[in-house]
Amino acid sequence: MSRRVWARVTARIVGAVIAGGALYVSFPPRTAWYLAPAGLALLVMILRGRSVRAGFGYGYLAGLAFFVPLLPWVGVYVGALPWLALAVIEAVSIGLFGAMAAALSRVPFSVVWIASAWVLFEGVRSRLPFGGFPWGRLAFGQADGVLLPIAGLVGAPGLSFVVALMGCGLAGLICALSGKQWTRMAACAAIVAAPLLSGLVLSATPARETATASTVAVVQGNVPRLGLDFNSQRRAVLDNHAAKTKELASDIDAGRLPRPELVIWPENASDIDPLRNRDAAAIITDAVRAVGVPILVGAVLVRDDGATLNSAIVWGPDSGPGEQHVKRKLVPFGEYLPLRSVMEALSPYAAQAGNFVPGDGDGVVTLNGTPTAVATCYEVAFDDLVRDSVQNGAQIITVPTNNATFGRTDMTYQQLAMSRVRAVEHGRPVLVAATSGVSAIIESDGAVLRQSGIFTDDVLVADVGLRSDMTTATRIGPAPEILISVLALVALLVAILRMRRPAPPTKNNSN
C-alpha cells in the first residue's frame, strides 16, 4: 500500500470515528441535536464509492464510536464486559448500514435510499436479538431539536428518517459544491432545509382539540444507597415513597398544593409483594388514604411458582388494589436471562438476572376515571407498546421506572428524551416516575413542566392537558417504517443488479 493510499485510509478511519462520536454527542444530556445529521453526513461522505467490505468496516468503526460512550450505564455496577459486549454487538447494525450505503451510493437518488437504509437497520436492531434494543435511535436524540414536532406526523421511525435524510442531503450538498453541480446542489439544499422549516411550522400549529386540564402528581421517594444492593433495604424504599406521599397530602391539606386527580409511584416502589405481605399493603393503603386519590403503585409480585411479575397496580383509597399492568417487554440479562445455563457458565454476574415473566394486554389501566397508558421503564423505547395503549384509549402516558442500578450515568436523561418524543408522537402528556430520578411531568408538545434531580426525594405536581384525539403518527402506526424499509430493500436490489451488469466492451482502436 502506497503512502498516499495509506494516508487516505487513515483519514477515513479517523473520519468514521469522529462521525460516530458526533452521533453520541447529539444525545442527552447534551442538547446538540444538530450533530446527528452532521455526523451522519460525514459518515456518508466516507462511504461514497467504497466497496461493500470497506463500507462495513468504516460503518462498524463509527458504530463503536457511537455505542461505546452511549452505553456505559449497562456495566456501571457489573463491570465493563456487559457494556462493551453490548456495544460491540449493536455496532454491527451500523456496520451493515455502512455496507449497504456503500452499495447504494452508486444508485441514482442515493440520498433518499441511504437514509432509508438507516431506518431499516434501526428497525432490525430494535427487534433482534432477544426482542431488540432500540437505544440510540436517531429520533431519541431530537427531544431538544427543531425537528421534534415531526414525530407527531410520522412517529419515531419517521423522525429518524428525517434526521438521516438531512445528513445524507448535507453530504450530497458538500459533494455537489465541490463538483460545481448546481442542480444537484439546489436539490440537496432543499432536502436539508425542508425538515427544518417543517419543524418550525408544526411547532407553531395549535392542537386540533382543546385539552381538558388535569392535575397530576409524581412521587420520587429515592433509595437508601446507590448500586445493585439497594434492594437489600426494600422496606426503606417503600417507606420513602409512602412518607413522601404523606408530605404531599399535608401540603394539599394546608392549601400549599392542589389535590391531584392521580398520583404515580415508580417501578419497584414496593419490592415487597403487597398482595402477599400485609405490612406492605397497610403502608400503601395509609399513603393512598392520606392523599385521597388512587395511586399507580409499582410493585414486584411473586407467583405461586416462584416467578415474579413487574407490576403497576391501581390502588384506591377505599377499593384497595385493582387493575394491574404487568410489564410486557422485559430486559434481557436483567429481568430474565436468555440461554441461562450458557450465560451462567460465562459470567458470575449472570446468576443475578431476575426470573420475571412478561404480561400481556394493551398496557391501559383506568386511574380515577382517566384511561392511562403504562410503559414501564424499558417499554417506553418500543414503538408498538406505547402506540397500542394510546390506540386503546389512553389519554395520558406514564413511565414508572427504576434507574437506581444505573448510578449517575446518562441513562436516565436518555430515557427522559424518549418520553418527550413519545409525548409528541402521540399527543399525550407523559409522567416519568423514577425511584431515584430523573422524574418529570411532560406536556404533550414535549415541554418539561417539572423535573426532579437525581438521587433526591421529590414530589412533582402540575396541570396537564388531556386529549382523546389521535395524532397522525398514532393513526397510521408502523406504516412509515414499513414503507421506508421497503424502499431501502428495493434500492438495494437495484444496486445489486447494477453491480452484476457486465461492463460495456471497450473499443479497440488498433489497426
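These legends go with close-up views of a predicted model.

**View 1. The largest nonpolar core, with Phe97 and Trp135.** This core takes in 99 residues, and Phe97 and Trp135 are the ones with the most contacts inside it. Helix H6, which runs over residues 151-179, chips in 13 residues, the largest share. A separate core of 29 residues lies apart from it, with Val219, Ala269, Ile272 and Val293 among its members. As a bit of background, nonpolar side chains in soluble globular proteins tend to be buried together.

**View 2. Phe97 and its contacts.** Leaving aside residues up to four places away in sequence, Phe97 touches Leu40, Leu43 and Leu47, along with Ile114, Ala117, Trp118 and Phe121. Phe97 also helps line the second largest cavity, together with Ser93, Ile94, Trp118, Phe121, Glu122 and Arg125. Helices H4 (80-104) and H5 (110-125) are the elements that give two or more residues to that lining, and H5 has the largest share, with four. The space inside comes to about 40 Å³. Sorted by class, the lining has four nonpolar residues, one polar and two charged.

**View 3. The largest cavity.** The model has three cavities of 30 Å³ or more, and the largest holds about 60 Å³ of space. Its lining includes Val154, Gly155, Ala156 and Pro157, plus Asp383, Arg387, Glu425 and Glu481. H6, H11 (383-391) and H14 (479-500) each bring at least two residues to the wall, with H6 giving the largest share, four residues. Six of the lining residues are nonpolar, two polar and four charged.

**View 4. The second largest pocket.** Here the volume is about 770 Å³. The pocket is lined by 25 residues, and the closest to its centre are Leu202, Thr205, Pro206, Ala207 and Val424. H6, H7 (182-203) and H12 (411-426) each put at least two residues into the lining; H7 gives the most, with four. The mix is ten nonpolar, nine polar and six charged residues.

**View 5. Cysteines without a disulfide.** A disulfide is a covalent bond between the sulfur atoms of two cysteines. The count for this model is zero. Take Cys175: the nearest cysteine sulfur belongs to Cys188 and sits 8.4 Å away. Cys175 counts as partly exposed because its relative accessibility is 21%, while Cys377, at 8%, counts as buried.

Definitions and conventions
Residues are numbered from 1 along each chain as its sequence is written. This is a predicted model: local features need pLDDT of at least 70, side-chain atom pairs count only at pLDDT 80 or more; totals for chains, interfaces and linings use all residues. Side-chain values use heavy atoms; hydrogens and water are left out. A nonpolar core is a set of buried Ala, Val, Leu, Ile, Met, Phe, Trp, Tyr and Cys residues joined through side-chain atoms within 4.5 Å. Buried means under 20% relative accessible area, exposed over 50%, partly exposed in between (1.4 Å probe, protein chains only). Contact means heavy atoms within 4.5 Å. On a 1 Å grid over the protein atoms alone, a cavity is a set of points where a 1.4 Å probe fits but cannot get out, and a pocket is an open set with protein on both sides within 12 Å along at least five of seven lines; lining residues have an atom within 4 Å of a point. Grid points are joined across faces, edges and corners, and a volume is the space filled by probe spheres set on the points. Ala, Val, Leu, Ile, Met, Phe, Trp, Tyr, Cys and Pro count as nonpolar, Asp, Glu, Lys and Arg as charged, and the others, Gly among them, as polar. A disulfide is a pair of cysteine sulfur atoms within 2.5 Å.
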